[in-house]
Amino acid sequence: MSPDTKPPSLFAAVHVSEFPAQSILRLRPDLQSAPVVILDGTPPQERVIALNSHARKRGIIQGLTRLEVEEVGSIHILTRSAETEIAARTVLLETLSQFSPRIEEVFANNACSFVLDIAGSERLFGAPDQIAHRLRETIVAAGFRASVSISDNFHTARIKSEFSRGISIIPSGRESNALASIPISALPLDLDHYGTFALWGIGTLGELAALPEDEMIPRFGQPSRQWLALARGNADHTFQPLEEKFELKEHIEFETHIEQLDALLFIGANMIANLVARATCRALSLASINIEMQLERSPAYKRRIQPAIPSCDRKFLLKLLQLELAAHPPQAAVTALTLIADAGRQSKIQLGLFAPQAPEPSRLDVTLARLKAMVGADRVGSPALLDSHAPGRFQMQEFSVIDQPRPSAQPSSPRTSLRRIRPPHPLSLQITEGKPRSFRDGATRYEISVAYGPWQSSGSWWDLDRWDLEEWDVMATTNSGESISCLLIHDHLNNKWLLDAYYD
Amino acid sequence: MPSSVALRQQIETAFQHRYPSVLTPSPKTIREVVPTGIIRVDELLNGGIPVGTITELTGPASSGRTSIALSAIAQRTCEGSVCAWIDAKDSLDPESAAATGVSLNHLLWVRCSDKASPRPDRSRKDAQPWTRLDQALRATDILLQSGGFSTIVLDLADESIEHGRRIPLATWFRYRQAADRTRCSLIVLGKAPFAQSSAAVVLECHPSTVSSISGTVIRNFNYKVQRRRERFSPVTSPITSIDRKPPSSDWTSPAAWDLVKRASSEHRATAEHRA
């Protein structure tokens with residue numbers, strides 16, 4: 001290649017029109033077949049800034065006021081959400097990054113546009129028309145409707161995608177013809193210039209491109225050179241690729257506050273599906289999902305779900321979300337929902353042929369979540385003994401089968417175990433010669449045949465959870481002849497006798 | 001003269017409409033068993049608790065049910081298997097479990113509570129919360145269906161007999177099917193047998209006596225265990241005596257301090273022997 005020869009260039013422009021509406025509707029499949037308008041502004045001066053095709057068929061146009069829209073009737077009116085648009089833009093960008101790492105954002109009114117540098121990707125994705133189709137299918141799968149144009153010229157692709165629907169493939173050298181029918185509003189013109197061109201009878205780029213450049217520059221100055229280059233499809237452009245941080249985040253604000261968990265999960269399912277799709281594109285999984293909700297007149301709700309191993313199973317993650325919300329339901333109506341996921345490596349568990357029986361980690365997550373939703377999060381797990389002399393002290397820790405070391409200790413010889421009574425039953429006790437002789441637990445009276453003790457223990461006198469106990473191991477019988485071996489304690493702090501445990 | 005095989009075929013053919021395979025012995029299922037770690041109980045059970053079945057340990061308080069169950073769990077967790085303890089009355093003592101040798105990291109403990117979440121019954125606004133027994137049964141169902149647990153203990157030892165007998169037979173039948181499919185040993189602790197025909201083994205435990213009453217500490221609990229039911233007995237006799245007593249066994253369980261004392265005496269004896 002000689003130094004004067006420019007390297008071959010190929011650009012794909014993606015234009016998502018009515019972006020404020022599309023960013024909300026992609027997460028609301030229930031509204032996609034209904035007329036929807038998006039209002040912006042301070043009440044009562046809100047005006048329509050975006051709408052879908054169903055609303056357009058009903059005669060709605062941009063700029064109408066809320067009152068005018070309500071007069072039409074049966075139109076879903078939603079409020080613009082900047083945060084939802086930011087999240088949707090990130091999703092769109094993530095989707096496009098599957099095709100090219102070099103993406104430039106083009107600022108378009110009320111729309112979201114990107115231009116991809118796809119030069120050299122033909123061997124990867126096929127001919128330009130195949131790239132365009134694959135691009136559009138991927139965008140549709142992400143929940144957007146977009147027009148796609150492919151051209152050798154950056155601005156030609158950009159302008160064509162903005163003013164056409166569907167897919168446009170512009171062959172090299174036919175840029176001017178492709179842009180001929182596009183109105184001159186595609187150019188950055190002042191109102192005075194529009195007026196002048198209207199007087200001249202020039203309304204399209206094709207008509208503008210036919211004007212002689214030498215005659216234009218004396219009348220409009222140097223900017224006219226750029227207009228002509230744009231209209232003829234040979235304007236130069238220095239590509240400025242975006243450098244976006246990878247963030248798995250989905251956000252939606254609700255026009256009516258949601259109280260039912262089912263309705264929330266219906267939307268959450270779509271958000272999780274989008275997060276999974278984006279993570280999968282980068283060969284990643286979701287290691288955890290942070291759930292944040294804005295509640296009506298209540299503090300924000302924050303929870304976190306974390307599977308044992310990173311997963312990209314959409315149904316599994318949705319089930320965890322459902323069980324988490326069932327176990328900890330929000331205390332007020334939900335006004336906005338945000339899911340922020342942490343990406344993790346896609347991991348596989350290697351099962352051993354001779355490994356001991358153990359639950360499947362992802363299935364165990366769902367099982368534990370279901371149990372926690374039923375009995376309480378702090379009542380499911382593995383017990384861990386605390387380093388304390390206080391009797392019956394333990395804490396619950398998270399149960400896991402991942403990286404669990406094989407126990408080194410052998411089972412010790414069997415010994416009599418205790419069955420704790422939580423909380424201990426208060427007793428009425430009779431003491432003779434310093435030893436307990438009988439006690440009554442509820443309606444049952446026990447005669448003590450043998451009592452061993454007392455065993456004194458106390459501790460943590462410097463703390464709130466201090467204890468001072470006197471323990472007695474007793475064998476007792478009821479009137480009906482039933483005999484038990486149990487542990488009685490005398491709580492010196494509260495001066496109470498308690499039935500603490502049975503030997504069993 | 002016809003051979004015995006031909007004769008048998010002839011007889012079976014003649015009776016096949018009324019008694020199919022009249023002279024062919026029915027195939028016996030030989031179940032894999034896992035030891036409980038208590039020699040006398042294992043001898044009584046012909047090796048241990050059968051895998052993939054329901055085993056019931058019944059008896060009143062202080063009859064050794066918990067000790068047998070914890071010993072069985074200790075055997076399984078020390079192999080690296082994962083077990084679960086579903087505690088209807090929240091009565092498991094982790095210290096006792098650790099002292100028996102249970103690897104607590106391999107034990108999932110589900111503590112049923114009164115302050116549980118409401119039933120997920122959206123059609124009823126007045127849905128009552130799950131009771132402890134409901135929670136325990138549902139948790140057992142969830143764990144059995146999920147699979148992967150080698151032993152699950154359903155601790156209904158403090159539930160009243162009336163409540164335990166109200167558990168539908170269909171529930172026990174479902175447990176039996178799930179345990180068989182997931183090769184899980186389900187041990188049910190109760191005051192009386194609740195699983196009825198779904199139980200493969202029923203062990204009746206009897207209260208303890210303490211051997212050294214004159215000592216200063218309670219020690220050496222003696223228990224008696226009777227085998228009331230064993231579906232997969234390897235030795236079966238076609239003739240059952242009417243006055244036959246169920247096989248039983250006695251076993252002694254020392255207290256924790258007995259073992260400490262025994263270990264110290266053994267250590268002392270070893271030291272003297274070396275000297």
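How many Å should the 15 residues of helix α5 (residues 132-146) of chain B span at 1.5 Å a residue, and how far apart are its end C-alpha atoms? The model on screen is a predicted one, and this helix is a convenient place to begin.

**Helix α5 of chain B.** Select residues 132-146 of chain B and set a distance between the two end C-alpha atoms: the expected span is 21 Å, and the end atoms are 21 Å apart, which agrees. Next, colour the helix by accessibility; 12 of its 15 residues are buried, so α5(B) is largely enclosed by the rest of the structure. Among the buried residues are B:R132 and B:D141, together with B:L133, B:L137, B:I142, B:L143 and B:L144. Then step just past the helix to B:G147, which takes a positive phi of about 80 degrees.

**Chain B as a whole.** Widen the selection to the entire chain, which holds 8 helices and 10 strands. Of the 275 residues in chain B, 51% are buried. If you draw the contacts of chain B between residues at least 6 apart in sequence, 68% of these join residues at least 24 apart.

**The interface with chain A.** Now show both chains and select the residues in contact, 61 from chain A and 80 from chain B. Between them the two chains bury about 5900 Å², of which 54% lies on carbon and sulfur atoms. Across the interface there are 28 residue pairs in polar contact, counting pairs with both residues at pLDDT 80 or more, and the number of salt bridges between chain A and chain B is 7. To look at a salt bridge in detail, centre on B:D93 and A:R420, whose closest N and O atoms are 3.2 Å apart.

Staying on the side of chain A that touches chain B, select the elements that give two or more residues to it, including α15 (361-375), β15 (418-426), β18 (444-459) and β19 (467-478) of chain A. The largest share, 9 residues, comes from α15(A). Coloured by residue type, this side of chain A divides into 31 nonpolar, 16 polar and 14 charged residues.

**A stop in chain A.** Finally, move to helix α3 (residues 66-72) of chain A, where A:L67 lies. Is A:L67 buried or exposed? Its relative accessibility is 59%, and because exposed means over 50%, A:L67 counts as exposed. Add A:R47 to the selection: A:L67 and A:R47 are 20 residues apart in sequence, and their C-alpha atoms are 9.3 Å apart in space.

Technical notes
Residues numbered from 1 in each chain as written. Chains lettered and ligands numbered in written order. Predicted model: local features only at pLDDT ≥ 70, side-chain atom pairs only at ≥ 80, totals over all residues. Heavy atoms only, no water. Helix = DSSP H or I, 4+ residues; strand = E, 2+ residues; numbered from the N terminus. Expected span 1.5 Å × (residues − 1). Buried < 20%, exposed > 50% of the residue type's maximum accessible area, 1.4 Å probe, protein only. Contact = heavy atoms within 4.5 Å. Buried area = accessible area lost by both parts, 1.4 Å probe. Salt bridge = Lys/Arg side-chain N within 4 Å of Asp/Glu carboxyl O. Polar contact = N/O pair within 3.5 Å; in protein donor to acceptor, adjacent residues only side chain to side chain. Nonpolar A, V, L, I, M, F, W, Y, C, P; charged D, E, K, R; others polar.
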